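Me: Please take a close look at one part of this model, the buried cysteines, and then set them against the packing of the interior.

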Amino acid sequence: MYYPDELIEEIRTRNDIVDVISGYVRLQKKGSSYFGLCPFHNEKSPSFSVSRQKQMYYCFGCGAGGNVFTFLMEYENFSFMEAVKFLADRAGIKLPEAEYSKEAKEKADLKASILEVNKKAARYYYIQLKSERGRKAYTYLTDRGLSDDTIKAFGLGYSNVFSDDLYKYLRGEGYSEELIRQAGLINTDEKKGVYDKFWNRVIFPIMDVNSRVIGFGGRVMGDAKPKYLNSPETVVFDKSRNLYGLNRARTSRKPYFLLCEGYMDVISLHQAGFTNAVASLGTALTPGHASLIKRYVKEVYLTYDSDDAGTRAALRAVPILREAGISAKVVRMDPYKDPDEFIKNLGAEEYEKRILNARNGFMFSLEMLEKEYDMASPEGKTDFFREAARRLIGFEDELERNNYIEAVASAYKVSRESLEKLVAKTAVNSGMARPASRPKKAEGSSKEKKKEDGILTSQKALLTWMIEDDKLFGRISSYIHPDDFADGIYRKVAELLYEQHENGGMNPAGILNHFTSEEDHREAASLFNTKIRQLKTKEEEEQALKEVILRVKSHSIDERTRKLDPADMAGLQRLMEDKRKLEGLRTLHISID
């Protein structure tokens, strides 16, 4: 759905950024800005700044920054359109209805209806748990150490021993049999007729990231099989693309997830204070799960069961996570089976120690591999290293691969050179060429890189100066134009800023509306929040401004000279004129009054 720029801007202006962020972060006014502890990284001294004037936030510690849309995209992990809808609702702005095809409308209506009936079912299960009928299930949960607050927070429930209770209830609420079936809540049998999918089970509602009930898991009260039962896949529930507990874990603010096997592990960890725990839904970890995790964190601690099945599951998960760009570590809970059992016996503090001592996923896989070989014999040890070499060539990045070669050589007391040769030989024999060694950079190339970084910093300084003082904008724009900024986001932001100034006012927060990705929002925000060295006198400030203008303009002229087509006479004339002005600027005094 596309909304006009004017509507997006109205929604932004109707949601003051200080008011919105104050609902998440405690802010204290200092001068013209508000400061607080950054919600995106751990810090003890406030470096998170919110400007009512700019309608932007910026963290000088981690670089997070943007406007009110960006904040919700980062904090709540909303898409841009989800942030727009959330803020429109907050401001009481009615968004135009989306236009759907007949087929799309029917699908959207079905999703909405299933979410509605799931919500009703979850409420029904919760009431059953709290009733006399649910006493056995309630006792089971409390005996497992769960508090009433935890039971309520996760919406746990009970489906009683009568196998058609939920069906009768939902039919009485006006829902059709077909809809209840499409929600995965009933089955039909020739002998039994219609009966509930879940009965005589403790119920675990499964929620999406927005806390909407999309399915259920049930743990049987007795010896019936299967012990655990999940909802079938529906138009709202895909178990390979959802994680139990993600709706709560995504707001934990920890830089990693604890990945468990089951519902009770997740719930027990959350109750013990580990609010970043999630679990796959009765299935092995999939690339879809890994992609979902990557939206929130870049590191995962696998805290699977300590038995053989749990170990195999962890070993399968490590390469899937690595492929998605997520580093994995393995938490062991010996002598206990799972996190739930571990915490009940040893407590949260000991579990925290296990997290701190977690094994690197790849090194853990080699430790398990060792058990398959006779490491006391030369032949067995050689075969082990051959398999280790085969796994090492799976690291495509040369630096990462070399770091792992060094780690393996150190751990298994073999020379790095020997292991490197074995990895190279294995790569050739398996048809995988080693990455071509890059020629050494020419002398001075590191200086060129520093120079380039320095130019970008200077461009950021100019943009920061320009939005903070209209007079400075006039001074700077006399010499610097949008095409003097680096290609890409720098130039786009400069073009929009110059356009705003020409139309009568600067609105840096509005510029961010032109970017829909979180990464672009963050980068664009950084352009307006450059830390500028405090200068003591007006003369020092004027000299600093002049030096930055000279540096940016000179670099721009050099770049255009390098790219100039010799046949472009008009371009050549413009360059000559700019060079003449640049020489004049060197002897000119720039006033900031």
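Reply: Cys38 is buried, with a relative accessible area of 6%, where buried means under 20% relative accessible area, exposed over 50% and partly exposed in between (1.4 Å probe, protein chains only). This is a predicted model, in which local features need pLDDT of at least 70 and side-chain atom pairs count only at pLDDT 80 or more, while totals for chains, interfaces and linings use all residues. Residues are numbered from 1 along each chain as its sequence is written, and side-chain values use heavy atoms, with hydrogens and water left out.

The cysteine sulfur closest to that of Cys38 belongs to Cys59 and lies 3.6 Å away, too far for a bond, since a disulfide is a pair of cysteine sulfur atoms within 2.5 Å. The structure holds zero disulfides. Cys260 is buried as well, at 0% relative accessibility.

As for the packing, the largest nonpolar core (buried Ala, Val, Leu, Ile, Met, Phe, Trp, Tyr and Cys residues joined through side-chain atoms within 4.5 Å) has 60 residues, and those with the most contacts inside it include Tyr125, Leu185 and Phe216. Helix α5, residues 102-130, gives the most to this core, with nine residues; helices here are DSSP runs (H or I, at least four residues), numbered from the N terminus. Leaving aside neighbours within four places in sequence, Leu185 is in contact (heavy atoms within 4.5 Å) with residues including Val117, Ala121, Tyr125, Asp196 and Phe216. Apart from this core lies another, of 36 residues, among them Trp465 and Leu545.

Key. Helix = DSSP H or I, 4+ residues; strand = E, 2+ residues; numbered from the N terminus.
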